[in-house]
Amino acid sequence: MAAARARVLACALLAAAVGAPAAQPAAVAAPWARSCSSVDTAGDALAGIDLAGRVLVYTGADGSLASASTLELARANASLILACRRASKCAAVLQSLASRSGTSAALEAEALDLSSAASIRAFASRVTTRHKRIDVLVNSAGSYDTSPTEDGLVGAMQVNLLGPALLTELLLPALRGHGRVVNVAAAAYGTRLAANTTAADLAALCTSVDPRLNRTGGYFALSKFLMVHHAVELARREPTVAAVALAPGVAFRLPDVPNWAKYAVMHFPYPDWVLQQFPAELQKFIKVCSTNEARLRSCPETQEQGAAVIVAAAAWPEVESHSGVYLDFETKQLPDGAPNVYGPWTQSDPTCMPRRPGAMDPRLRSDWYDEMLRLMGSGSSTHHGPGARGADSGRRGGSAHNFVV
């Protein structure tokens, strides 16, 4: 029971870090061909797709959603390079995949510590020595920990954002001409940047911990918001590499029960005195499923369901002609005063479809792309835009959190 409650709390923290939106389908060059429902699993999303001969690098491969994703990717015959902070963790995942998937495709396990620029460079060197061609990079690692890294950066910002940006840059030569980059982000609709924010302002949030952002869990939301815009800028700079970001929703390991039974439990109109007997985390999710996620067929999602949008982004052919999109559920504003847990918004099926993410100034996005690589001790291989403007401009007075509203 304690372990189950801990998993519920972890999901509550993830969802609490996100805020309110007005997400509408994004304009794309051609119609998007398909979608996923919240009841669809990663196996459903990959039905009929054969990934034989394709090489996928998957970071954070020992995570719960990653385990569900990589299992179905292996069953679809993808060759997987599993990257974990500790190689021993990935070795255990690899052994499980080999026995459960029945695949004959190559499976590799590698150590990758995204809190260390040296580890990232060593990983990229090892992988590209063996694989001159990489078809997909899935940036899936995530952390709430804001402790300083060995590179002197805020942990969550380096692991969730800066490290993946450097890894992507180092793997671009193996991706160009055919590959894609998948950024596993979050529905950070409530993260907004002040109009006069500069790249230097964002860099300041990466080099020292801002107390308010740290106290509210805002670092996770900010890092994932910026991961979405890393994919948008990458798509602009790299016309021969498809880039996509996504929000996997709220998903965790659940008992193996039919979806109708879970729906009945989460949507039953409990009297207050009965509801108050439940663990606090369960009370919260019952309210979530009747407010913020009231229109999803599965709330909360299982790990296998949450993984559907990840494997869709990694494998669906239409991604190639829709580079720069953000995949998520349909999200709408709730009326003023409407009950909610995470903010005045509600989501509904389907997901695996392009949505419009929270806005970021295009000039700042370009400057910040270059600044991220500078912070990691690198420079972008294709410089677009005056990145030095953000790096050289002085910060305005006041706490760094004034730039995130």
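Student: What does the secondary structure of the protein chain come to?
Tutor: In this predicted model, the protein chain has 16 helices and 8 strands.

Student: And how much of the protein chain is made up of buried residues?
Tutor: Buried residues make up 56% of the 405 residues. To earn that label, a residue needs a relative accessible area under 20%. As for the surface, the protein chain exposes about 16,000 Å², and carbon and sulfur atoms supply 56% of that area.

Student: What share of the contacts comes from residues 24 or more positions apart?
Tutor: Counting contacts with a separation of 6 or more, such residues account for 80% in the protein chain.

Student: On to the cysteines. How many disulfides are there?
Tutor: The count comes to 3 disulfides. Number the bonded cysteines along the chain and the pattern reads 1-6, 2-3, 4-5.

Student: Why is the pair Cys36 and Cys352 called a disulfide?
Tutor: The cut-off is a pair of cysteine sulfur atoms within 2.5 Å. For Cys36 and Cys352 the S to S distance is 2.0 Å, so the pair passes and counts as a disulfide.

Student: What makes that disulfide left-handed?
Tutor: It's the torsion: about -95° around the S-S bond of Cys36 and Cys352, so left-handed it is.

Student: Where do Cys36 and Cys352 sit in the chain?
Tutor: In distant parts of it. Cys36 is in the loop between α1 (2-16) and α2 (42-45), while Cys352 belongs to strand β8 (residues 345-355), and 316 residues separate them. Both cysteines are buried, too.

Student: How do you know that Cys84 and Cys90 form a disulfide?
Tutor: Same kind of check. Their sulfur atoms are 1.8 Å apart, and the limit is 2.5 Å, so Cys84 and Cys90 qualify. The angle about the S-S bond is 80° here, and the link of Cys84 and Cys90 is right-handed.

Student: Why are Cys84 and Cys90 called buried?
Tutor: Set the values against the cut-off, which is under 20% relative accessible area. Cys84 has 1%, so Cys84 counts as buried. Cys90 has 0%, so Cys90 is buried as well.

Student: What about Cys289 and Cys299, what makes them a disulfide?
Tutor: Their sulfur atoms lie 2.1 Å apart, which is within 2.5 Å, so Cys289 and Cys299 are a disulfide. With -85° about the S-S bond, this link is left-handed.

Student: Which parts does the pair Cys289 and Cys299 tie together?
Tutor: Cys289 and Cys299 both lie in the loop between α12 (280-288) and α13 (303-306), so the pair ties together parts that are 10 residues apart in sequence. Cys289 is buried, and Cys299 is buried too.

Student: Is Cys206 buried or exposed?
Tutor: Buried: the relative accessible area of Cys206 is 0%, so Cys206 falls under the 20% cut-off.

Student: Now Asp361. Why is Asp361 called partly exposed?
Tutor: Partly exposed covers the range between the buried limit of 20% and the exposed limit of 50%. Asp361 has a relative accessible area of 42%, so the label fits.

Student: Where does Asp361 lie?
Tutor: In the loop between β8 and α15 (362-375). The C-alpha atoms of Asp361 and Ala194 are separated by 9.9 Å, with the two positions 167 residues apart along the chain.

Student: Which backbone nitrogens does the side chain of Asp361 reach, and what makes these polar contacts?
Tutor: The side chain of Asp361 reaches the backbone nitrogen of Arg363 at 3.1 Å and the backbone nitrogen of Leu364 at 2.9 Å. The distance limit for a polar contact is 3.5 Å, so both distances pass.

Conventions
Residues numbered from 1 in each chain as written. Predicted model: local features only at pLDDT ≥ 70, side-chain atom pairs only at ≥ 80, totals over all residues. Heavy atoms only, no water. Helix = DSSP H or I, 4+ residues; strand = E, 2+ residues; numbered from the N terminus. Buried < 20%, exposed > 50% of the residue type's maximum accessible area, 1.4 Å probe, protein only. Polar contact = N/O pair within 3.5 Å; in protein donor to acceptor, adjacent residues only side chain to side chain. Contact = heavy atoms within 4.5 Å. Areas by Shrake-Rupley, 256 points an atom, 1.4 Å probe, with all protein chains shown as cover.
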